[in-house]
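Work through the exercises below with the sequence and the structure side by side, and try each task before reading its solution.

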Amino acid sequence: MAEENQGAAQEDRDVQMVVQHVFLKDTSYEAKSPHEMDGADGQPDMNVNLSQRTNQIDEGRFEVVLTVTLTAKQGDQTAFLCEVQYGGIFQFSGFTEQQMPYALNVLCPNVLFPYNRTQISSIVAAGGYFMPPIQPINFESIFRQRMQEAQAGQTEQTGQA
């Protein structure tokens, strides 16, 4: 038992993720002018969309780009649309092939999202709109949901074959 725990502890020490670089990759902001929104009442409805792109640079090194798009609508009009892409270069060592999807889809976005959120808040404020803070996102929950959906899809395909 002690040998098993020691082996697990050794494996944990050998697993490492290093953030080598974080950078603003792209940003876009479009807004209606205040006079175009004069008839709109109340705060706009906010919709946040996420997407991610991953490129392997070389052995154990990846570029991950997280795109956050915030759309604010008042009635049927779009008050503003803000999209921010933040990228990161991540070096991984000691991760198994089974652990890498989790690292790329949970750990990396957890590092990048605060940068996206800060940039969006700054841009929207500069555009003259008040915006409540964007709430943290549970990337682990999103990852687990996608895994379940993928497994359900495979089960359906296997059942139909």
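**Exercise 1.** In this predicted model, find how far apart Glu140 and Arg144 are in helix α3, and describe how their side chains meet.

*Solution.* Begin with the positions: Glu140 and Arg144 are four residues apart in helix α3, so about one helical turn separates them. Next, look at the side chains, which meet in a salt bridge with an N to O distance of 2.9 Å. This fits a general rule, that side chains of opposite charge can pair when their charged atoms come close. Finally, check the surroundings: Glu140 has a relative accessibility of 31% and counts as partly exposed, and Arg144 is also partly exposed, with a relative accessible area of 43%.

**Exercise 2.** State how many salt bridges the structure holds, and explain what the pair Lys25 and Glu63 ties together.

*Solution.* The count of salt bridges is three. In one of them, the side chains of Lys25 and Glu63 meet at 3.7 Å, taken from N to O. Lys25 belongs to strand β1, residues 16-31, while Glu63 belongs to strand β3, so this pair ties together parts that lie 38 residues apart in sequence. To decide whether each partner is buried, recall that the cut-off is under 20% relative accessible area. Glu63, at 14%, therefore counts as buried, whereas Lys25, with 40%, is partly exposed. There is also a salt bridge between the side chains of Asp58 and Arg61, with 3.6 Å from N to O; here Asp58 is partly exposed at 35%, and Arg61 is partly exposed at 26%.

**Exercise 3.** Determine which elements give two or more residues to the largest nonpolar core, and then follow the contacts of Ile120.

*Solution.* Start with the core itself, which has 29 residues, and in which Val64, Phe80, Phe92, Leu104, Ile120 and Val124 touch the most other members. The elements that supply two or more residues to this core are β3 (61-74), β4 (77-93), α2 (100-126) and α3 (139-160), and α2 gives the most, with ten residues. As a general background, nonpolar side chains tend to be buried together in soluble globular proteins. Now take Ile120 and set aside its neighbours within four places in sequence: the residues in contact with Ile120 are then Val68, Leu70, Cys82, Val84, Met131 and Ile134.

**Exercise 4.** Locate Asn110 in the structure, and say which residues Asn110 touches when those up to four places away in sequence are not counted.

*Solution.* Asn110 sits in helix α2 and, with 38% relative accessibility, counts as partly exposed. When residues up to four places away are left out, Asn110 touches Ile137 and Phe139. A further step is to compare positions along the chain and in space: Asn110 and Leu66 are 44 residues apart along the chain, and their C-alpha atoms are separated by 9.8 Å.

**Exercise 5.** Describe the whole protein, giving the order of its helices and strands and the share of its residues that count as buried.

*Solution.* First count the elements, which are three helices and four strands, and then read along the sequence, where they follow the pattern α-β-β-β-β-α-α. Of the 161 residues, 27% count as buried. The accessible surface comes to about 10,300 Å², and 47% of that surface belongs to carbon and sulfur atoms. Last, consider the contacts between residues at least 6 apart in sequence, of which 70% join residues at least 24 apart.

Conventions. Residues are numbered from 1 along each chain as its sequence is written. This is a predicted model: local features need pLDDT of at least 70, side-chain atom pairs count only at pLDDT 80 or more; totals for chains, interfaces and linings use all residues. Side-chain values use heavy atoms; hydrogens and water are left out. Buried means under 20% relative accessible area, exposed over 50%, partly exposed in between (1.4 Å probe, protein chains only). Contact means heavy atoms within 4.5 Å. Accessible areas come from the Shrake-Rupley method with a 1.4 Å probe; for residues, only the protein chains shown count as cover. A nonpolar core is a set of buried Ala, Val, Leu, Ile, Met, Phe, Trp, Tyr and Cys residues joined through side-chain atoms within 4.5 Å. A salt bridge is a side-chain nitrogen of Lys or Arg within 4 Å of a carboxyl oxygen of Asp or Glu.
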